[in-house]
Amino acid sequence: MARATRQSSFLHKLSRHTAHNAVAVDLGTANTLIYTAEGGIVLDQPSVVCFDRGTSRRKGSDAGVAAVGVEAKALLGRAPQNLETVKPLSHGVIANFDAAEHMMRRFVAMARPRRMLARRSAFTVCVPGDATRVERRAIREAAFASGAASVNLIDESLASALGAGLPVASATGSMVVDIGGGTTEVGVIALGSVACGGSIRVGGDQFDRAIIEHVRNLYGVILGEQTAEHLKTTIGSALRGEPIERLRATGRSLEDGLPRTVEITSEDIADALALPLRQVIAVVRQVFESAPPELVTDIADSGIVLTGGGALLGRLDQCFAAELGVPVRVAEAPLTCAVRGAGAAAAGAVVADQPAFCAYD
Ligand SMILES: Nc1ncnc2c1ncn2[C@@H]1O[C@H](COP(=O)(O)OP(=O)(O)OP(=O)(O)O)[C@@H](O)[C@H]1O
Ligand SMILES: [Mg+2]
């Protein structure tokens, strides 16, 4: 289907629903958020589900689901043998459909206040720009299985830009870099669509793994993923230098297998993250190289906006600005930009006569 036709059919479908039963969903690798115009963010939970191995699972039923969200995340790496903890998404797309469907159903049921999710709602779900047709279909089906009456997909970059308050409908280009748990999406937005973009399967999860690897090499101690994430979010920095923060972390010694506590500094984290950050910045450079010159000029003026949880990494804006030579700022509430933007799009925030509002079948 031609893009323009697809766009108009998407807008037409949206217009059949009033704002109060439009539901936006950001089904992310790390976190799932649900937003309604009336209730704001009605669910914000880690994308984790825990199954009871002893109970057989059935499609459309909660049987066998032991925990979801925060409760399930607390069991990651700690679950007893009768429980299986699953992260259904990998790099922004569904890796385990059965688990994703169970998790979504529970999340929709958990959303508070309940009445905000009217029955037969129209769901607008964020999707990575480079997701394949099969991956998009899986996301749509998971949304239908959790009770959606209709499902529209919106490019995550466009949603993030809208949520960050960028002038997406304007002819002037803006750049958004969304650093999530499993992917980084770079989008140049103009005239209500993604003019060009790029993505890399590097995000917060890869940052955590890089920290584990670095601490192992430096101190001979193996940290758990949750410990590494805690270090990153508490003292993490994208750049070496003052002020240097310190935090004690306990892991397993490579030498004797026993617990050992080491003091980690923000400079250790900066060293650990140097490689994955270079990979992310390389994608931003590629997007600059492929963008039309006029849009590059616009971005040189307006700068880059960082969204997604990774944007909260200490001094990331300074690191990007130093590497790329353009102004960089972190969006307000970067973890919720995509879902708020999808909600705004569903409520008609993008002017209907703007071309190519991204939607996919
Ligand atoms: N203060 C912080 N510093 C660094 N990273 C952080 C901070 N807070 C959260 N994060 C990281 O942000 C990531 C989650 O971000 P987000 O919720 O935007 O991802 P997601 O949307 O679920 O993933 P994706 O978009 O890749 O599917 C996690 O890796 C988390 O560790
Ligand atoms: Mg995301």
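## A guided tour of the predicted model

Begin by selecting V221, which stands opposite S253 in strand 15. Strands here are DSSP runs (E, at least two residues), helices are DSSP runs too (H or I, at least four residues), and both are numbered from the N terminus. This is a predicted model, in which local features need pLDDT of at least 70 and side-chain atom pairs count only at pLDDT 80 or more, while totals for chains, interfaces and linings use all residues. Residues are numbered from 1 along each chain as its sequence is written, and chains are lettered from A and ligands numbered from 1 in the order in which they are written.

**Stop 1: the sheet around V221**

Extend the selection to strands 14, 15 and 16, which form an open sheet in the order 14-15-16 with antiparallel pairing. Its edge strands are strand 14 (221-222) and strand 16, each of which pairs on one side only. Two strands count as paired if DSSP finds at least two bridges between them; strand 14 and strand 15 are joined in the antiparallel sense by 2 bridges.

Now select G257, in the loop between strand 15 (246-253) and strand 16 (259-265). Is G257 buried or exposed? G257 is exposed, because 9 other C-beta atoms lie within 10 Å. The scale is as follows: a residue is buried if 20 or more other C-beta atoms lie within 10 Å of its own, exposed if 12 or fewer, and partly exposed in between, with C-beta atoms placed from the backbone. A distance label from G257 to V221 should read 9.0 Å, C-alpha to C-alpha, although the two are 36 residues apart in sequence.

**Stop 2: ligand 1**

Select ligand 1 and the 23 residues that surround it; the closest are G28, G180, G204, G309 and L312. A residue is near the ligand if its C-beta atom, placed from the backbone, lies within 6 Å of it. Helix 6 (204-219) and helix 7 (225-235) each supply at least two residues of this shell. The largest share, 3 residues, comes from helix 7. Colouring the shell by residue class gives 4 nonpolar, 15 polar and 4 charged residues. For this colouring, Ala, Val, Leu, Ile, Met, Phe, Trp, Tyr, Cys and Pro count as nonpolar, Asp, Glu, Lys and Arg as charged, and the others, Gly among them, as polar.

**Stop 3: strand 11 and its partners**

Select residues 174-179, which make up strand 11; 6 of its 6 residues are buried. S174, V176 and D178 point one way from the strand, and M175, V177 and I179 point the other way.

Add strand 12 (residues 184-190), which runs antiparallel to strand 11 and is joined to it by 6 bridges. A hairpin of 4 residues links the two, and I179 stands opposite T184 in strand 12. Then add strand 17 (residues 304-307), which pairs with strand 11 in the parallel sense over 4 bridges. Here M175 stands opposite I304.

**Stop 4: the nonpolar core**

From strand 12, move to V188. Which residues touch the most other members of the largest nonpolar core? They are V125 and V188, in a core of 99 residues. Helix 8 (residues 266-290) gives the most to this core, with 9 residues. Such a core is a set of buried Ala, Val, Leu, Ile, Met, Phe, Trp, Tyr and Cys residues joined through C-beta atoms within 7 Å.

Leaving aside neighbours within four places in sequence, V188 is in contact with G173, M175, V194, A195, C196, G197, V287, A291, L295 and I299. Contact means that the two C-beta atoms, placed from the backbone, lie within 7 Å.

**Stop 5: two buried helices**

Select helix 5 (residues 156-163), where 8 of its 8 residues are buried. E156 is one of these buried residues. G165 follows helix 5 with a positive phi, near 80°.

Helix 11 (residues 337-346) has 10 of its 10 residues buried, R340 among them. G348 follows helix 11, and its phi is positive, near 90°.

**Stop 6: the whole chain**

Finally, colour the chain by pLDDT, the predictor's confidence in each residue, from 0 to 100. The average is 89, and 89% of the residues score at least 70. Over residues 1-20 pLDDT stays under 50, and residues 351-361 also stay under 50. Where pLDDT is low, the predicted coordinates should not be read in detail.

Zooming out, the chain has 11 helices and 18 strands, and buried residues make up 51% of its 361 residues.
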